[in-house]
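Colleague: I should be grateful for a close look at the empty spaces in this model. Please describe what surrounds them and how the surroundings are composed.

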Amino acid sequence: MSKVDNSRRNFIGAGAVATAGLVIAPGVTLFDMANAKPAGEAASSAKRWGMLIDSSKCTPGCNDCVTACGKENGVASTGHPQTDPQWIRKIELKELKSGRSHSLPMMCQHCAEPPCVDVCPTGASFKRADGIVLVDRHICIGCRYCMMACPYKARSFVHEEHHDQNPDVPRGKGCVEACTLCVHRVDNDQQPACVEACAAGNKDAMLFGDLNDPNSEISKRIATYATTQVRADLALNTGVRYQGI
Amino acid sequence: MSDSPNKSFTGKAAGFGQLLSRGWAVLLAATFLAVALPAAAYDEGGAKAGHAKHIDAKGDKCVRDEAYMRRNHMDLLKHQRDDTMRKGIRTTQYSLKNCIGCHANEKTNSVIGSTDGKDNFCQGCHNKMAVKLDCFECHSSKPKAASGDAMHPIVAPAAQPGDKDKQSGLSGKMRWQMQAKLDSVNKGEVVK
Amino acid sequence: MNIDSFRKIEQSVFYALVAVIGLIAMIGMGASYYMEEHGHVVTGMNNQIVWGMPHVFAVFLIVAASGVLNVASIGSVFGKTIYKARAPLSGLLAIAMLAGGLTVLMLDLGRPDRLIVAMTHYNFKSVFALNVILYTGFFSIVAIYLWTMMDRKMNGFSKYAGFGAFIWRLALTTATGSIFGLLVARQAYASALLAPMFIIMSFSFGLAVFITVQSVMYRWNGLVLDEAVRRRMKNLLGIFVSAVLYFTIVYHLTNLYYAKQVAFERFILLDGGIYTTLFWVGQILLGTLAPLAMLFYPDAAKKCNMVFFAALLVIIGGMCQIYVLIIGGQAFPLSIFPGMTESSSFFDGQIHSYSPSLPEFLLGLGGVAIAGLITTIAVRVLHFMPEDDFRHIERRVITD
């Protein structure tokens with residue numbers, strides 16, 4: 001194998017980092033800088049992508065994350081709320097005894113032991129090496145077993161034909177889908193759309209980063225503050241954690 | 001038992017039996033010819049008449065030569081899809097998005113959708129060959145820039161900073177040529 | 001009437017039957033095409049109730065298919081003579097109903113055109129994938145079993161084939177029950193009890209289907225089932241129905257014991273609307289208590305109608321039971337944040353509504369029709385009618 005010439009790669013990487021730094025400057029204190037993964041390299045288990053959501057900073061009427069996800073991924077309302085896919089949703093919670101109410105966004109939790117991956121008959125539901133749980137729509141047969149298995153009701157079935165999809169996010173009738181952690185953006189050193197929208201709206205409730213990197217902002221927070229995984233009793237080791245539930 | 005050629009039949013049945021066995025032979029021969037003749041007529045590389053009209057694409061050449069692509073584009077796509085989906089390898093050389101970027105028809109801005117198959121690249125040939133296209137149930141048939149207008153978001157939010165692809169300053173052709181060269185050099189290939 | 005006119009009538013009845021059943025099957029196929037063409041938005045299934053009417057039909061057919069083979073197993077594996085004569089019909093019904101059930105299941109997929117993908121890509125940790133192998137293997141094993149029973153040269157092997165079919169069938173039904181039992185997230189499922197419960201359900205529904213089909217065949221051929229045979233079969237059905245009741249009681253009482261399950265049990269048993277009605281009236285009253293009363297009524301064996309209708313009621317009760325299990329289990333919302341009420345745009349925290357649509361019903365009925373079609377044609381072509389050799393049986397005294 002000939003020696004790889006890294007100079008062009010380094011130039012592009014540096015240029016990318018500089019542009020990203022300038023452009024995300026307002027919220028830079030909250031975000032991890034995802035290390036550049038060159039397009040030709042495979043995702044590796046050296047990283048584990050995760051999210052930390054602070055429910056106490058989440059305002060009940062706000063839907064910025066949901067809207068951004070819809071715009072980014074082409075998940076739009078078709079007027080059939082019962083069959084429309086929802087990759088992320090705001091849940092309003094109220095404690096039964098105390099009456100304390102708060103809200104939080106719920107999406108695919110990208111578990112390390114995903115029940116949806118266990119039950120998929122063809123292996124279309126899979127966990128990528130860096131922890132993102134995805135549906136390979138090339139081999140999904142639309143049996144919806146993963147939807148039965150998910151404890152978080154994260155998955156949706158596409159009940160209708162779709163047109164004019166975002167070329168970065170192929171999705172179509174007859175397959176099951178869920179939040180991809182904006183994998184097409186993550187692979188491009190960007191944040192998921194919901195996280196960016198939350199930061200842009202100055203709510204700062206959502207933080208994205210590498211759970212395997214002890215120096216990342218998200219790892220430091222999880223090591224400092226009390227965070228919970230939803231349905232922790234199932235021991236799924238979720239990639240998305242919450243504060244303030 | 002009479003000693004007719006078909007030992008299991010007697011009398012009138014014998015004639016019928018002979019007709020049956022002759023009939024089966026004719027049927028077998030007909031089926032064989034129906035399958036073999038078109039296969040023999042199939043030409044490598046599709047240079048003769050019988051394939052779709054040649055449709056020009058942007059850029060000077062495709063990732064591989066025409067004859068290879070006619071026969072093997074599906075294998076390239078299938079391999080690439082697993083690389084991208086399962087491993088997150090997003091090289092642009094064999095990516096479907098890049099194919100569409102060059103091959104989308106200038107007028108319709110799509111690779112499918114014409115009724116006569118004359119204008120749109122993928123559909124034209126697939127219609128002629130009567131091979132069903134499964135890709136565009138999910139994949140957009142239009143290149144990236146145009147499809148943004150067609151989406152109908154729930155609410156139109158303010159433009160997000162950092163939205164754009166950092167490499168979008170380069171044209172599609174330049175981008176894949178750069179990446180292709182990088183990939184070939186990495187693999188130790190001699191670039192043509 | 002003489003034999004020729006009987007044959008002519010029989011022939012026209014056969015063609016009429018095939019035409020009617022074939023039409024229902026075709027309508028079912030048409031419904032499935034409609035669903036695939038427009039997407040599942042035309043059905044009543046949605047993101048909350050993901051498995052609906054087609055799955056109720058399919059699961060019933062598959063469970064009953066594995067159970068109807070029980071009749072043959074009792075003959076081959078346990079050596080009871082009167083069941084041996086019934087074994088070929090039971091094997092045929094097993095194949096026919098499994099074919100019907102699988103057709104419904106496969107045509108309801110979001111991408112039924114990807115069947116080849118399902119056959120070639122396996123995730124062996126998934127019970128579904130194991131089921132694909134078990135179902136296809138079942139066809140082969142039962143076909144071989146039928147061959148050993150119907151071909152005189154192979155009769156010596158029928159015991160081994162029967163044993164193989166018996167074990168395979170237990171694995172298949174356990175796996176079918178585990179489809180639900182291994183779903184850790186749902187309160188209605190997530191229990192190891194579901195696998196043996198499905199086994200005993202298969203015994204009950206399978207025998208009920210067999211008795212129904214056998215009664216119809218005998219009636220149409222002007223024959224009368226011997227009273228001793230009827231007595232054995234009705235007693236067996238009564239035992240199986242009681243066993244299903246036992247499992248149902250254990251399932252619900254255990255759930256009622258756990259504080260976290262009480263809300264779900266309250267939904268099913270008390271204020272679940274259609275599900276509560278189907279449970280108490282459909283499953284318990286019509287599907288369990290009424291058939292038990294009819295089957296164990298004194299001298300019930302002498303009244304062939306009583307046994308026939310009891311079997312029909314068991315079938316109806318079985319459909320209700322599976323409806324409550326599959327759809328009632330999905331209607332109750334997931335408990336994602338225990339101790340809190342949830343509300344969202346994705347119907348969290350509320351009972352999910354489901355109204356079955358016509359295409360779903362037609363698809364399910366189409367599956368039943370396919371099973372009926374296979375049975376009708378096979379019964380005419382080959383010798384499946386159970387014929388009891390009473391001289392042989394009387395020599396071995398039946399103690400009843």
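Modeller: The account below takes the enclosed space first, then an open pocket, and ends with a pair of packed helices. The model is predicted, and totals for linings use all residues.

Rolling a probe the size of a water molecule over the atoms shows where empty space is left. When the whole structure is searched, 11 cavities of 30 Å³ or more are found. The largest cavity holds about 140 Å³ of space. It is lined by 13 residues, and those closest to its centre are Tyr251(C), His252(C), Gln283(C), Val324(C) and Leu325(C). Four elements of chain C give two or more residues to this lining: helix H10 (227-257), helix H11 (262-271), helix H12 (274-295) and helix H13 (304-331). The most comes from H13(C), which gives 4 residues. By residue class, the lining of the largest cavity has 8 nonpolar and 5 polar residues, and no charged ones.

The second largest pocket contains about 1400 Å³ of space. Its lining is made up of 41 residues, of which Leu17(C), Val213(C), Val216(C), Thr375(C) and Thr376(C) are the closest to the centre. At least two lining residues come from each of helix H1 (3-38), helix H2 (53-68), helix H5 (87-107), helix H9 (194-220), H13 and helix H14 (358-381) of chain C. H13(C) therefore appears in the description of each space: it gives 4 residues to the lining of the largest cavity, and it supplies at least two to that of the second largest pocket. The pocket lining divides into 32 nonpolar, 6 polar and 3 charged residues. Charged residues are thus present in the lining of the second largest pocket, whereas the lining of the largest cavity has none.

The description of chain C may be completed with one helix pair. Helix H7 (residues 127-150) of chain C packs with helix H8 (residues 158-181) of chain C at an angle of about 155°, and their axes are 9 Å apart. Because angles over 145 degrees count as roughly antiparallel, H7(C) is roughly antiparallel to H8(C). The crossing in which H7(C) passes H8(C) is left-handed. Their contact involves 16 nonpolar, 8 polar and 1 charged residues.

Note on methods
Residues numbered from 1 in each chain as written. Chains lettered and ligands numbered in written order. Predicted model: local features only at pLDDT ≥ 70, side-chain atom pairs only at ≥ 80, totals over all residues. Heavy atoms only, no water. Axes fitted to C-alpha atoms, helices over the stretch in contact; angles between N-to-C directions. Parallel < 35°, antiparallel > 145°, perpendicular 65-115°, else oblique. Left-handed = near helix turned anticlockwise from the far one by under 90°. Nonpolar A, V, L, I, M, F, W, Y, C, P; charged D, E, K, R; others polar. 1 Å grid on protein atoms, 1.4 Å probe; cavity = no way out; pocket = protein on both sides within 12 Å on 5 of 7 lines; lining within 4 Å. Points joined across faces, edges and corners; volume = space filled by probe spheres on them.
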